[in-house]
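Colleague: I've got a fold open on my screen and I'd like to learn how to read it. Could you walk me through it?

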Amino acid sequence: MTAPIESNIDIWDDDVLVDPYPTYAALREQASVVHLPKNDLYVLTRYDVIRDALGDPEAFSSSSIGFNPMVNEALQGTSLASDPPIHTQLRATLSQNLTPRALRGLKVVIDEKADKLVAELAASGSFEAIDALARAFPIEIVADLIGFSGHVKANMLRWGQAAMQVIGPLNQRTQESFPIAGELYGWCSSVTADDLTPGSIGRGIFDAETRGDIPEGSAGHIIHQYLGAGVDTTIASIGNIVALFGHHPDQFELVRENPELVPAAFAEVLRYWAPVHIWGRKATRDVEIDGVTIPAGAQVGVLFGAGNRDPRHYENPDTFDVKRNPVDHLSFGYGPHGCAGQGLAKLEAHAIIEALARRVKTLVLADEAREPSNITRSFEVLQVEKVVAA
């Protein structure tokens, strides 16, 4: 057994966060596990190693998904930050409203809303895709789903951003976001059934609590996870769809001509640009990977985007190819903690891609900008300079 290879990279450096792919490639070529002393962290860089770690909660615990002690403490008792067997019960409660069957009724509504929004934008000639589409659409859907409106809906964007930001290390971004993430937590811990629209899934979660189907006091926790984990990542992915179709008009054309490629196109968007930069685990014991030991108690960082571009697993990994259909990409995680909301995320993204393919003939991008962010990688601005309606 050898000491792990080290790198002096800061994985939360602004430049790395804006475009991590050169860094991912460098680390991945160094080793499957690299120690980053600047971040007091062992990062996993290759596809197989990441997938194995995510599938092994006994060795890699979710008690430390965040990179600072305060957030890990705040997340105690949630499905996100627990391990089996407790995780299994919490997860079942979270998931029962997110199963394909439960979501089936939502598909029609989501498809209609996506089509209407994209048709309006396509007719407008030009638009800013982040505010008008990537943010507007998921916030609308999740507000209907949970059953809130008014000030909660108005705050959802900043709450969702802050909830992901605080998972990072104790840098300035995290410290500025704690009070905002606290507002979301505060609302979730004080919300009651009467605050939510009758017939909404949010109301249904409270009904389950009243019936005793889920532990007392857990309804607010579950709603917190819907909003904390689901909003910012979906916004990132929808922005990435528009940007990648704008950058690769030939690939957009393929989807327009072959609408059956929609699910494959979304899988490729997720593989090519992972919405989540890094996610935490804690080594519960000395773990040996490829001859290197990660010591017991060490903080581990999973680099989904590095694994998704691993040439050991994907041919021509740096090519965006909507025909690839990488259903085994790592962006939804893997194993017991695989994204609980992926069914809803796919419904939303597929609806947007279908609407773009149906309603838009050409997309020409102008300004685009990313802001450094600890966990979620998304566009801040994405100007569609010219859109020609189909």
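Modeller: Sure. Let's begin with burial: a residue counts as buried when its relative accessible area is under 20%. Keep in mind that this is a predicted model.

Colleague: Okay, so is Ala-236 buried or exposed?

Modeller: Ala-236 has a relative accessible area of 0%, so it is buried. It sits in helix H11.

Colleague: What is Ala-236 in contact with, apart from its neighbours within four places in sequence?

Modeller: Pro-275, Thr-376, Arg-377 and Ser-378. Sequence distance can mislead you here, too: Ala-236 and Ile-130 are 106 residues apart along the chain, yet their C-alpha atoms are 8.7 Å apart in space.

Colleague: Now the core. What's the general idea?

Modeller: In soluble globular proteins, nonpolar side chains tend to be buried together. Here the largest nonpolar core has 130 residues, and Leu-44, Phe-148, Trp-187, Phe-245 and Ile-294 touch the most other members. Helix H11, residues 218-247, supplies the largest share of this core, with 13 residues.

Colleague: Which residues does Phe-148 touch, if I don't count those up to four places away in sequence?

Modeller: Val-142, Ala-143, Lys-153, Met-156, Trp-187, Leu-196, Thr-197 and Leu-227.

Colleague: And how do I read a pair of packed helices?

Modeller: Look at the angle between their directions; over 145 degrees counts as roughly antiparallel. The axes of H7 and H11 cross at roughly 150° and come within 9 Å, so the two helices are roughly antiparallel to each other. Their crossing is right-handed, and the residues of the contact divide into 17 nonpolar, two polar and one charged. Among those that meet are Ile-130, Leu-133 and Phe-137 in H7, with Leu-227, Val-231 and Ile-238 in H11.

Colleague: What about H6 and H7?

Modeller: H6 (residues 100-124) and H7 (residues 129-146) pack at about 150°, with axes 11 Å apart. That pair is therefore roughly antiparallel as well, and H6 passes H7 in a right-handed crossing. The contact residues comprise 11 nonpolar, no polar and three charged.

Colleague: Which residues on H6 meet H7?

Modeller: Leu-106, Ile-110, Lys-113, Ala-114, Leu-117, Val-118 and Leu-121. The spacing makes sense once you recall that an α-helix has 3.6 residues a turn, so residues three or four places apart point the same way.

Colleague: One more: which residues of H5 are buried?

Modeller: His-87, Leu-90, Arg-91, Thr-93, Leu-94 and Ser-95. What covers them includes H11.

How values were computed:
Residues numbered from 1 in each chain as written. Predicted model: local features only at pLDDT ≥ 70, side-chain atom pairs only at ≥ 80, totals over all residues. Heavy atoms only, no water. Core = buried A, V, L, I, M, F, W, Y, C linked by side-chain atoms within 4.5 Å. Buried < 20%, exposed > 50% of the residue type's maximum accessible area, 1.4 Å probe, protein only. Helix = DSSP H or I, 4+ residues; strand = E, 2+ residues; numbered from the N terminus. Contact = heavy atoms within 4.5 Å. Axes fitted to C-alpha atoms, helices over the stretch in contact; angles between N-to-C directions. Parallel < 35°, antiparallel > 145°, perpendicular 65-115°, else oblique. Left-handed = near helix turned anticlockwise from the far one by under 90°. Nonpolar A, V, L, I, M, F, W, Y, C, P; charged D, E, K, R; others polar.
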